[in-house]
Amino acid sequence: MGNRNPKSCFSPILIPLFLIFLVFVSGCMPLQPQTDPAQDKKARRLASDIRSLNQEIKASRGIGWIKLETATRRDIFKIAWAAAFPNRIRITFLVSGHPFETIVATGKNVTFISHTGEHPAHTTLSNNPDLEKFIHIPIKLSEMIAILLGHIPVQKFDHAWFEPGDKNFSCVILAQNWKSAFQKIHINKEEQVRQLVLLDKDNIPLYDITYLDYQTHGKSRIPATLLLQDTRGRRIHLNLTRFIPNPPIKESVFRLTESGS
């Protein structure tokens, strides 16, 4: 009994299970091609710098314009917002100076309020819901807040490399373990972001953000004009006309009043 063969402890059934596990793991992120480790290190450094851009801005206030386009409608709103990292915001959409819709995120949940009676007030259970059914683009609330804070919404990543064949090293690909979607960052010669693309495991774009203009506010360069779009032709044009970084914001701004507004 004490003379058991250690090899007998490894059942043959574990071999196919292990192979299935490897296939599962490899399917959770795009396969990275053979690349130069030195260039991968440069890609990681560049992506980290972009992800940390304007991270000193923890809150903002501002006004701007947003145009929403789908196959069936086109809406233009003036917006006024107050936002605080990571997931608090009050943003009001206005038409001809009158409130149309307000979104209030308390950090625990998000409430959507119609000022025209288009829908009853709705509160989510999540503090970071997907905004697709509200603004028609599959973007998380945290990513929208990041945009209004002047950040580039680059997701966490474990792997970074330059797109093969790109002699100008102008496209960085990012992947995260256990996630099938990945990102591409297109940059110009000054290493400024021109476009951020989210793709699925089959390299099909889910949506992209094109950075059309930057503005200087103090020591920060803020993306001020952006275009968000997906493959279904849904588009959001965003123009931030006034941006105040790190203003004092009362906590009551991110709470609903008794009237629900």
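**Note on the predicted model: charges, contacts and backbone**

1. Lysine 184 counts as buried, at 12% relative accessibility. The cut-off for buried is under 20%, so the value of 12% for lysine 184 falls within that class. Bear in mind that this is a predicted model. Lysine 184 has a charged partner: glutamate 163 forms a salt bridge with lysine 184, and their closest N and O atoms are 2.7 Å apart. Glutamate 163 sits in the loop between β7 (159–162) and β8, while lysine 184 belongs to strand β9, so this pair ties together parts that are 21 residues apart in sequence. Glutamate 163 itself is partly exposed, with a relative accessible area of 26%.

2. How many salt bridges does the whole structure hold? A search finds 9. Side chains of opposite charge can pair when their charged atoms come close. Lysine 201 and aspartate 202 are one such pair; their side chains meet at 3.6 Å, N to O. Elsewhere, Arg45, Asp49 and Glu191 are joined into one network by salt bridges that share partners.

3. Look next at arginine 73 and aspartate 75. They form a salt bridge, with 2.7 Å between the closest N and O atoms. Aspartate 75 counts as buried, because its relative accessibility is 19% and the cut-off is under 20%. Arginine 73 is at 42% and counts as partly exposed.

4. Which buried glutamate has no salt bridge? Glutamate 101 is the residue to check. Its nearest side chain of opposite charge is arginine 73, 9.2 Å away. A salt bridge requires N and O within 4 Å. Glutamate 101 is part of strand β4 (residues 98–106). Its side chain does have a polar partner: a contact of 2.7 Å joins glutamate 101 to the side chain of histidine 119.

5. Serine 114 deserves a look for its backbone contacts. The residue lies in strand β5 (residues 110–114). It is buried, at 14% relative accessible area. Which backbone nitrogens does its side chain reach? One belongs to threonine 116, at 3.3 Å. Another belongs to glutamate 118, 2.9 Å from a polar atom of the serine 114 side chain.

6. A positive surface patch is formed by Arg51, Lys140, Lys156 and Lys179. Arginine 51 is placed in helix α2 (residues 37–51). Its relative accessibility is 33%, so arginine 51 counts as partly exposed.

7. Is helix α4 (residues 141–148) largely enclosed or open? It is largely enclosed by the rest of the structure, because 7 of its 8 residues are buried. The buried residues are Leu141, Glu143, Met144, Ile145, Ala146, Ile147 and Leu148. Just after α4, glycine 150 takes a positive phi of about 85°.

8. Two asparagines also have positive phi values. Asparagine 54 has phi near 60°, a positive value in a residue other than glycine. It is in the loop between α2 and β1 (59–69). Asparagine 54 is buried, with 5% relative accessible area. For asparagine 203, phi is near 70°, again positive in a residue other than glycine. Asparagine 203 is found in the loop between β10 (193–199) and β11 (205–217). At 40% relative accessible area, asparagine 203 is partly exposed.

9. Where is the cis peptide bond? It joins phenylalanine 85 and proline 86, with omega about 5°. Proline 86 is placed in the loop between β2 (74–84) and β3 (88–95).

10. Finally, consider alanine 181. This residue lies in the loop between β8 (171–175) and β9 (182–187). Its relative accessibility is 25%, so alanine 181 counts as partly exposed. The C-alpha atoms of alanine 181 and lysine 201 are separated by 5.4 Å, although the two are 20 residues apart along the chain. Lysine 201 is also the salt-bridge partner of aspartate 202.

Note on methods:
Residues numbered from 1 in each chain as written. Predicted model: local features only at pLDDT ≥ 70, side-chain atom pairs only at ≥ 80, totals over all residues. Heavy atoms only, no water. Patch = residues over 30% accessible without salt bridge, like charges linked within 9 Å, V, L, I, M, F, W, Y side chains within 5 Å. Areas by Shrake-Rupley, 256 points an atom, 1.4 Å probe, with all protein chains shown as cover. Lys, Arg positive; Asp, Glu negative; His and termini not counted. Charge placed at Lys NZ, Arg CZ, Asp CG, Glu CD. Helix = DSSP H or I, 4+ residues; strand = E, 2+ residues; numbered from the N terminus. Buried < 20%, exposed > 50% of the residue type's maximum accessible area, 1.4 Å probe, protein only. Polar contact = N/O pair within 3.5 Å; in protein donor to acceptor, adjacent residues only side chain to side chain.
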